Amino acid sequence: MDGRSDEKDAAASLHLKFAYYVTGHGFGHATRVVEVVRHLVAAGHEVHVVTGAPDFVFMSEISSSNLFLRKVLLDCGAVQADALTVDRLASLEKYSQTAVVPRALILATEVEWLKSIKANLVISDVVPVACRAAADAGIPSVCVTNFSWDFIYAEYVMEAGYHHRSIVWQIAEDYSHCLFLLRLPGFCPMPAFRDVIDVPLVVRKPRKSREEVRKELGIGDDIKLLVFNFGGQQASWTLKEESLPPGWICLVCAASPRQEFPCNFKRLPADVYTPDLIAACDCMLGKIGYGTVSEALAYKIPFVFVRRDYFNEEPFLRNMLEYYHGGVEMIRRDLLTGHWIPYLERALKLNPCYDLPINGGEVAATILQNTAIGKVYTSNKYSGARRLRDAIVLGFQLQRISGRDTGIPEWYTHAENELGLCSLMPSGEKNDRDVTSTEELGVEEFEILHGDIHGFPDTVAFLKSLASLDIDFNSNDKTEKRRIRERIAAAGLFNWEDVIFVARAPGRLDVMGGIADYSGSLVLQMPIREACHVAVQRSHPSKQRLWKHALARQNAKGEDFIPVMQIVSFGSEVSNRAPTFDMDLGDFIDADGPITYEKARKYFAQDPSQKWAAYVAGTILVLIRELGVQFDDGISVLVSSGVPDGKGVSSSAALEVATMSAIAAAHGLNIPPRELALLCQKVENHIVGAPCGVMDQMTSACGEANKLLAMVCQPAEVREHVNIPSHIRFWGIDSGIRHSVGGADYGSVRVGTFMGRQIIKSTASTLLPQATASSQDDSNGVIHDELDEQDHDLLEKEAILDYLCNLQPHRYEAIYRKILPEKMSGQTFLDMYGHHNDPVTTINPKHTYGLKDPTAHPIYENFHVNAFAVLLTAASTDEQLSALGELLYQSHYSYSKCGLGSDGTDRLITLVQQMQHRKKDGSDERKGTLFGAKITGGGSGGTVCVLGRNCIQSSEEIIEIQQRYKAATGHLPFIFEGSSPGAGKFGYLKIKRRIHARS
């Protein structure tokens with residue numbers, strides 16, 4: 001007998017007491033806890049389970065006097081509005097009420113109870129306070145899980161506001177008290193845990209055979225059986241007979257008693273034992289969770305899944321599911337409309353191949369028993385590196401803006417593999433197929449019928465990527481375990497015999513102007529080197545290559561050839577969003593003509609994992625509504641962007657401009673760059689719902705390389721393209737804090753700005769009669785002291801002020817600053833002034849808006865930008881550079897006054913200032929060659945623009961700042977440097993695959 005068996009026997013010979021805390025989120029945690037508890041009880045130990053789950057979950061599987069259930073709820077998990085949607089704000093508020101407000105009482109109660117039962121070990125899945133209570137009671141604790149709540153809640157804090165961040169920190173601190181983590185496959189980053197031991201899947205075992213289950217159900221083996229399982233949530237969707245192929249029956253879990261079923265659907269009792277069903281079925285349809293994924297993998301059952309909103313655990317489980325050929329993603333729209341058949345047919349062609357152990361319950365129970373008797377498990381030698389990586393990922397989550405989906409950074413999973421820590425969750429293998437590599441493919445694969453590559457390396461790389469798709473699609477090699485879904489979808493997107501149109505649009509670096517654009521300011525913007533490429537092919541509906549579910553939807557409508565828009569977006573595999581989107585173009589038309597922008601916004605908001613498609617498909621509706629374009633052909637779109645999102649460099653504008661440029665080219669539309677930019681702004685404002693100004697789209701469309709676009713945003717008048725002096729250089733440094741113009745802070749500041757403008761206009765209207773009277777009284781020798789400095793004509797203009805930047809700073813200081821309140825509630829403003837006249841934002845009556853600082857910012861920013869533009873033409877001196885830098889600093893601090901600053905961008909500004917003012921050794925002479933910096937774009941994170949002398953020393957100082965920022969925060973900033981022309985200068989490429997290239 002080996003040593004491990006001896007240890008197991010030694011633990012089993014003792015009567016140990018375990019306290020097992022189960023989170024209140026769904027049944028999945030309780031069902032996996034059952035499997036661990038079953039082994040502990042079978043070994044003769046006493047287990048006290050603290051849970052809010054129904055008794056039958058435990059009692060139906062374990063009948064023993066050693067099992068005790070204590071019905072207490074110490075956390076709440078994620079509050080779900082329905083089976084697929086998490087209410088982020090409600091989740092944090094409920095957790096606060098459940099676990100934060102009564103925390104002191106909870107700890108006192110749990111410590112007393114743990115001592116009273118004389119627990120040998122506390123186990124948590126994955127209740128945070130249980131670990132702290134165990135520590136206070138002097139009892140060791142262990143967590144068993146694949147995710148932790150600090151990682152899940154990190155996504156929610158930006159939606160709810162900074163005051164909820166303390167919840168995440170408290171949860172992480174609680175977890176840090178446990179000895180180690182028993183980490184299950186499909187795990188998320190969990191930096192709070194000091195040590196990690198990986199265990200196999202914890203899976204409940206079937207009690208009955210496939211034949212026994214089918215016999216009890218009265219279903220023959222010739223019938224295909226589908227299990228419809230969306231957890232404990234009541235799924236009250238309308239179920240349709242035609243959703244299933246002939247010869248199929250669907251068993252529905254957790255159905256509402258009032259729900260009506262077609263003849264090929266059967267309702268299951270609430271306490272049904274799902275492992276029996278899964279083992280007896282041919283396919284499962286549901287949402288991704290640990291329980292469903294683990295059981296589908298263990299019993300090699302294909303799983304058709306639908307994404308959940310805002311649950312960070314999901315992409316890691318999905319990654320594992322797809323690695324083992326176990327999953328097919330169904331888009332939410334097809335789930336709700338009943339277009340299931342193509343997904344089910346595809347699922348049956350899968351060959352699930354999970355071949356790792358599934359005895360995690362037994363393995364975990366053994367480790368827990370040994371830990372309870374004092375066995376010390378050696379620290380994982382990679383623990384420090386693992387925790388650092390996990391902490392960085394968690395840090396990104398805490399810095400995210402609502403509406404942005406979670407990512408699984410490629411470097412994270414690759415590093416796990418390199419360190420050998422990921423044996424239970426492979427995260428991607430290199431493709432070893434013996435085919436021509438993309439490096440060996442060149443631009444010569446395509447015949448360029450129109451346009452010029454301009455020597456851009458990124459355009460060459462994009463064309464090489466296009467060429468390699470043909471090889472991917474025609475490869476019959478089945479040896480690799482996982483192929484990236486987006487490339488598979490893209491490979492079947494185009495007809496290679498037909499022409500393809502390619503457009504390119506860069507992001508932008510906001511040098512000066514920023515959020516003052518929507519107030520009519522002069523702005524100075526530099527198009528950056530990084531750009532988005534979009535390839536578009538227009539096809540007659542009879543020739544378009546459709547994905548199976550799109551074809552099924554078309555057939556269901558009873559129409560043969562309907563124009564369809566199909567989109568593939570590269571880069572989805574590192575974020576929790578669907579890689580593809582498709583829609584019938586007829587959905588943009590109703591009985592009254594083109595649908596409204598509001599209706600379109602709701603259409604794309606139905607499924608957050610596909611909301612990104614609004615930036616692309618929205619261009620079609622804008623062209624229909626604004627230009628009367630008619631789209632009779634199908635449209636296939638491939639998006640590949642090198643502009644990183646969330647960094648404040650206008651990734652969304654680059655996507656919109658590149659998409660509309662390519663679609664316009666494919667349809668023979670000659671849209672001038674300025675008009676195209678204004679159309680793209682409509683996409684973002686009215687369809688996406690982000691209240692941005694127009695400078696982003698204008699720079700992406702109209703910019704010129706190595707020049708600043710000087711534009712007066714009234715609404716978009718290009719003044720000139722300003723040459724950047726040869727002695728000056730601009731850089732962008734990414735803070736790592738995600739930025740979004742859809743974020744709450746940006747929108748609130750914009751509302752406050754427009755409220756301030758309305759108050760100024762109202763005040764001017766009130767003063768105007770007095771000014772008129774003053775003028776008349778002056779002729780009689782009567783002088784009004786308050787009005788003798790005011791000009792009647794100026795008040796007339798201010799009473800109808802169209803853009804806030806048309807108000808001169810001295811007028812603001814003399815008359816309006818003193819009458820503007822610091823803050824005002826939405827309701828008070830609406831009662832006093834009625835409206836704020838901003839077409840893209842709405843006033844929330846319950847919200848209190850900052851008013852004075854957001855109003856003052858664009859007035860002074862416009863002055864700063866004009867001064868900056870004039871100074872650029874001055875003589876090259878340190879004084880010139882210092883003055884330019886000072887204007888950048890003033891702009892930055894004005895952002896902060898508005899509430900649009902961030903810790904990360906402030907830190908970068910401080911580092912620039914330290915570099916600027918440091919002295920040469922032994923001298924009072926200034927050594928630095930950097931002169932100023934500011935936060936950019938919409939603020940609240942993103943990128944900082946830095947101005948310096950164009951010399952090698954400046955580049956070295958930028959790199960030093962990058963390294964010092966990494967040392968302080970763990971994040972290595974991306975540095976933006978260089979420039980490239982806008983979409984108007986690039987034009988478009990019309991390309992066709994050469995015949996010989998495919999032979």
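Select Gly 732 first, and then look across to Phe 976 in strand 31, which stands opposite Gly 732. The model you have open is a predicted one, in which local features need pLDDT of at least 70 and side-chain atom pairs count only at pLDDT 80 or more, while totals for chains, interfaces and linings use all residues. Residues are numbered from 1 along each chain as its sequence is written, and side-chain values use heavy atoms, with hydrogens and water left out.

Next, select residues 728-734, which make up strand 26, joined to the antiparallel strand 31 by two bridges; strands here are DSSP runs (E, at least two residues), as helices are (H or I, at least four residues), numbered from the N terminus. Widen the selection to the open sheet, where four strands follow the order 29-30-26-31 with antiparallel pairing, two strands being paired if DSSP finds at least two bridges between them. At its edges, strand 29 (930-935) and strand 31 (975-976) each pair on one side only.

Now add residues 903-917, which form helix 33, lying across strand 26, strand 29 and strand 30 (943-949) and running at about 170° to strand 29. Such angles run from 0 to 180 degrees between N-to-C directions, with axes fitted to C-alpha atoms, for helices over the stretch in contact, and contact means heavy atoms within 4.5 Å. Helix 34 (residues 952-969) lies across strand 26, strand 29, strand 30 and strand 31, at about 10° to strand 26.
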